[in-house]
Amino acid sequence: MATTVHEPPRIEPPHERSRLSAGSGNGGRSLVPADGDLRRIKDYSPPPSATGIWVVMASITMSFLAFTSALIVRQGSASDWHHLTLPRILYLNTLVLLASSIALEVARRQVRSFMAGGRHSAAYPTRWLYITLFLGLLFVAGQYFAWLQLRAQGLFLATNPNSSFFYVLTAIHALHVSGGLGGLARVILRLNRSILRQSTLDATAHYWHFMDGLWVYLLLLLWMKL
Amino acid sequence: MHDMSAHVAHHAPPTSFIRKHIFSLDHKVIGKQYYGLALIAVLVGMVLSWLMRIHLGWTNYAIPGLHFLSSNGAPGNVMTPEYYLQLMTMHATIMVFFVLTTAPFAAFGNYFLPIQVGAEDMPFPHFNMMSFWVTFVGFVVLIASFFVSDGPTLGGWTQYAPLSAVGAVGGPGEGMGVVLWASSIAIFCVGQLLGSLNFITTTLDMRTKGMSLWRLPLSAWGWFITSCMGLTAFAVLMPACILLILDHVAGTSFFVPSNLVLNDQLQPHAGGSTLLWQHLFWFFGHPEVYIAIVPGMGIVSHVLITNMRKPMLSHRVLIYSFGALAVLSYMVYGHHMFVSGMNPVSSLAFSFPTLIITIPSTIIVLIWMGSLYGAKLHTNTACLFALGFISMFISGGVSGFFLAQPSTDIMLHATYFVVGHFHMVMGVAAMFGIFAGTYFWFPKMFGRMMNETLGKVHFWLTFVGAYCIFMPFHYLGLAGNVRRYQAFANVDYMAHLVPLHRFITISALLTGASQLVFLYNLIHSRFWGKPATDNPWQATSLEWSTPTTPPPHNNFGDKLPEVFHDPYQYGVESSVGDYVMQASPEQVSSGHDEA
């Protein structure tokens with residue numbers, strides 16, 4: 001996810017500009033001022049955000065592995081585990097989140113094709129990014145609705161260990177999805193201002209798909225009776 | 001986590017005071033902020049240890065003014081048993097998190113990692129700034145627990161459940177104190193995760209032309225490997241803290257078992273697992289030991305090589321050994337739980353890798369010793385502290401062999417033997433690494449030299465003092481002196497050990513007081529020290545190639561350096577002397593190129 005963001009050339013002092021464009025491989029820079037032309041914006045080489053997003057995903061994976069092992073141990077430690085029936089809306093939410101990933105992928109391909117000189121205008125992928133954003137928000141709202149349904153059944157955070165884990169896992173996942181929504185909003189903003197880099201979009205997309213996969217994993221974990 | 005790299009490398013020099021010194025994006029300022037935080041934390045932690053030591057030597061002694069700290073904990077200035085445990089918990093938490101993690105890793109790493117790889121800054125400067133301020137907030141939250149009604153938590157820095165999870169019924173500080181403790185640590189984890197993100201991407205993506213991974217100095221390798229550990233370890237501690245907080249504030253039962261009766265009250269929890277907390281905690285806790293020590297190993301190697309004027313016997317084997325420590329550190333954590341009631345088969349499974357991990361540790365020490373053999377050593381203060389690090393690491397590490405085996409550990413685990421072991425191998429050794437780094441890099445950070453005479457006085461007082469304090473701990477442990485007790489005089493078999501405790505207390509007070517020499521040297525040299533040249537130690541790595549000292553805002557001025565050599569080209573003949581700098585294109589005859 002390379003998110004290096006390009007600074008508009010007008011605020012770069014001239015000597016900085018020449019230095020930045022003089023980079024070479026092995027960590028050197030290859031950032032060329034683009035004068036507002038999206039197609040000419042280049043990334044750092046290699047883009048730190050491409051590495052960074054994997055670092056982020058590794059750390060989130062570790063956190064959810066810790067939660068998973070806690071869930072497994074807790075489930076086996078006493079007989080008070082009452083397996084709850086998942087609210088049906090979760091399955092609909094899953095479809096919404098998967099659809100958002102598809103929409104984001106469509107947007108990403110269009111941006112890539114546009115940057116490579118294809119025929120789409122930059123406004124075209126923006127539409128798909130808005131659709132992704134909307135579906136993401138719908139997912140978070142849907143999760144909230146699922147919590148309301150559980151509350152209506154009298155299942156609260158402390159009711160039994162299964163409901164505790166349900167609320168904790170879904171809430172922390174929703175928090176991470178909200179971070180992804182912030183990232184998407186940032187991508188849209190940058191695309192509109194013609195200062196988006198491909199690496200920024202790629203990193204956001206990786207993160208978003210990761211949230212997708214993580215949700216499917218959590219759903220299985222909560223659904224399965226281990 | 002998204003993309004802050006927009007500002008990478010070319011955020012303009014700040015002009016306002018706030019941007020320059022407080023909410024700075026400059027990795028050098030952030031490094032100094034971390035150092036300052038660690039300095040405040042270590043002073044607080046040291047004063048707490050003095051209070052505990054005085055109490056251990058003279059149990060009923062009224063420490064003047066102690067009731068100002070806590071009127072409940074010290075009525076008439078005499079410490080209550082509970083308050084002793086509260087101070088012990090805070091001493092350990094402050095030292096482990098806010099000193100041993102913060103100074104060698106976050107402080108020096110922030111300042112020097114980008115410079116040593118030849119970058120203008122870290123790729124995500126906003127996250128870097130956040131990482132410091134989040135850590136600072138974590139420290140404030142922890143210190144705030146001194147000021148809540150029943151004071152800070154008394155559960156020890158390991159916060160074993162169920163005591164830590166039952167709330168106020170567990171004793172003073174077990175209510176709000178634990179909530180603040182767990183919140184502080186969770187916040188600290190966020191800061192360290194943000195820091196690790198920057199450290200890893202800096203090392204992998206920001207290296208300048210010619211700087212291959214093998215050409216990184218050993219200090220940079222230390223920080224890189226530590227950040228990989230931090231990324232995985234703190235990511236596990238944070239969920240554990242969240243679950244612990246929920247057991248307190250939301251009435252969940254993650255860690256509290258059924259039918260627990262405390263103070264004649266049946267606890268309203270059911271079915272939780274106390275061992276679960278220990279597993280989650282120590283999965284972080286053991287890597288944390290290496291998070292504290294591996295940066296020190298890198299710094300010490302870096303300092304020693306410069307003063308030996310020759311490279312280590314093997315640059316690569318040292319790096320592989322650092323890596324082996326990191327990987328194995330996740331497989332050994334169960335050795336902290338030999339007496340926890342864990343299945344004995346698990347104990348055996350954890351004992352084996354614990355013995356294995358001594359192999360990379362031994363290799364590292366042997367490489368240091370072998371490289372030192374026959375070297376014409378420049379014994380400046382930084383070098384002395386680096387040697388002191390090795391001494392402490394060996395002395396403290398040897399006792400690890402006994403503790404690695406369940407059969408002997410069961411005898412020694414709850415005694416001062418363990419206290420002596422970890423204080424030497426992790427605490428004092430890491431402190432010596434911090435001191436070595438401070439004396440070595442101070443000229444670059446502040447443009448002035450530290451006073452060498454005062455530095456040497458500081459070293460010898462600290463070195464002798466540390467041995468006087470922590471060596472007797474091993475004897476106390478073998479004599480059966482249990483740890484975490486606040487008084488021994490009334491226990492027959494321990495009463496005769498009290499004089500030794502008094503000796504330790506006096507040593508601790510004197511050694512602590514001798515740190516004033518360091519503090520004076522630090523502050524005096526900062527303002528009135530002899531001006532430093534760009535490369536006072538005639539060293540080779542990139543931090544000594546900056547155009548000014550301290551380095552300019554973007555580290556290298558108009559042109560990023562290009563790297564032509566391995567990091568430690570000493571013992572060669574060049575136009576500048578017996579070394580050639582990494583950024584110098586000069587070709588020399590007899591190098592030690594290994595990469």
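This tour moves through a predicted model, from whole chains to helix pairs and then to single residues.

**Chain A**

Begin by selecting chain A and colouring it by secondary structure. Six helices and zero strands should appear, and reading along the sequence gives the pattern α-α-α-α-α-α. Colouring by burial is a useful second view: 39% of the 226 residues of chain A count as buried. For contacts in chain A between residues at least 6 apart in sequence, 77% join residues at least 24 apart.

**Chain B as a whole**

Next, hide chain A and show chain B. Its secondary structure comes to 17 helices and two strands. The radius of gyration of chain B is 24 Å, close to the 25 Å given by the globule rule for 595 residues, so chain B is as compact as a globular protein of that length. Along the principal axes, the C-alpha atoms of chain B fill a box of roughly 80 × 50 × 50 Å. Of the 595 residues of chain B, 58% count as buried. Among the contacts in chain B between residues at least 6 apart in sequence, 78% link residues at least 24 apart.

**Helices H7 and H9 of chain B**

Select residues 218-249 of chain B, which form helix H7, together with residues 315-328, which form helix H9. The two axes come within 10 Å and cross at roughly 15°. Because an angle under 35 degrees counts as roughly parallel, H7(B) is roughly parallel to H9(B). Viewed along the line between them, H7(B) passes H9(B) in a right-handed crossing.

Now display the side chains at this contact. From H7(B), select B:Leu218, B:Trp221, B:Gly222, B:Ile225, B:Cys228 and B:Met229; from H9(B), select B:Leu318, B:Ile319, B:Phe322, B:Gly323 and B:Ala326. By class, this contact has nine nonpolar, two polar and no charged residues.

**Helices H11 and H12 of chain B**

Move on to helix H11, residues 358-372 of chain B, and helix H12, residues 381-403 of chain B. Their axes lie 11 Å apart, and the helices pack at an angle of about 150°. An angle over 145 degrees counts as roughly antiparallel, and H11(B) and H12(B) are therefore roughly antiparallel to each other. The crossing of H11(B) past H12(B) is left-handed.

To see the contact, show B:Thr358, B:Ser361, B:Val365 and B:Trp368 on H11(B), then B:Ile390, B:Phe393, B:Ile394, B:Gly397, B:Gly400 and B:Phe401 on H12(B). Six of these residues are nonpolar, four are polar and none is charged.

**B:Met431 and B:Phe389**

Centre the view on B:Met431, which lies in helix H14 (residues 416-446) of chain B. Is this residue buried or exposed? B:Met431 has 26 other C-beta atoms within 10 Å; because 20 or more are needed for a residue to count as buried, B:Met431 is buried. Then add B:Phe389 to the selection and draw a distance between the C-alpha atoms. B:Met431 and B:Phe389 are 8.1 Å apart in space, C-alpha to C-alpha, and 42 residues apart in sequence.

**Cis peptide bonds**

Select B:Ala161 and B:Pro162 and inspect the bond that joins them. That peptide bond is cis, with omega near 5°. B:Pro162 lies in the loop between helix H5 (125-144) and helix H6 (176-205) of chain B.

A cis peptide bond also joins B:Thr549 and B:Pro550, where omega is about -5°. For its setting, look in the segment after helix H17 (498-528) of chain B, where B:Pro550 is found.

**Positive phi angles**

Two residues remain on the route. Select B:Asn263, in the loop between strand E1 (261-262) and strand E2 (265-266) of chain B. B:Asn263 is not a glycine, yet it has a positive phi of about 50°. With 9 C-beta neighbours inside 10 Å, B:Asn263 counts as exposed.

The last stop is B:Arg484, in the loop between helix H15 (452-478) and helix H16 (492-495) of chain B. B:Arg484 has a positive phi of about 70°, although it is not a glycine. There are 14 other C-beta atoms within 10 Å of this residue, and B:Arg484 is partly exposed.

Notes
Residues are numbered from 1 along each chain as its sequence is written. Chains are lettered from A and ligands numbered from 1 in the order in which they are written. Helices (H or I, at least four residues) and strands (E, at least two) are DSSP runs, numbered from the N terminus. A residue is buried if 20 or more other C-beta atoms lie within 10 Å of its own, exposed if 12 or fewer, and partly exposed in between; C-beta atoms are placed from the backbone. Axes are lines fitted to C-alpha atoms, for helices over the stretch in contact, and angles run from 0 to 180 degrees between N-to-C directions. Angles under 35 degrees count as roughly parallel, over 145 as roughly antiparallel, 65 to 115 as roughly perpendicular and the rest as oblique. A crossing is left-handed if the near helix is turned anticlockwise from the far one by less than a right angle, and right-handed if clockwise. Two residues are in contact if their C-beta atoms, placed from the backbone, lie within 7 Å. Ala, Val, Leu, Ile, Met, Phe, Trp, Tyr, Cys and Pro count as nonpolar, Asp, Glu, Lys and Arg as charged, and the others, Gly among them, as polar. The radius of gyration is taken over C-alpha atoms; the globule rule is 2.2 Å times the number of residues to the power 0.38.
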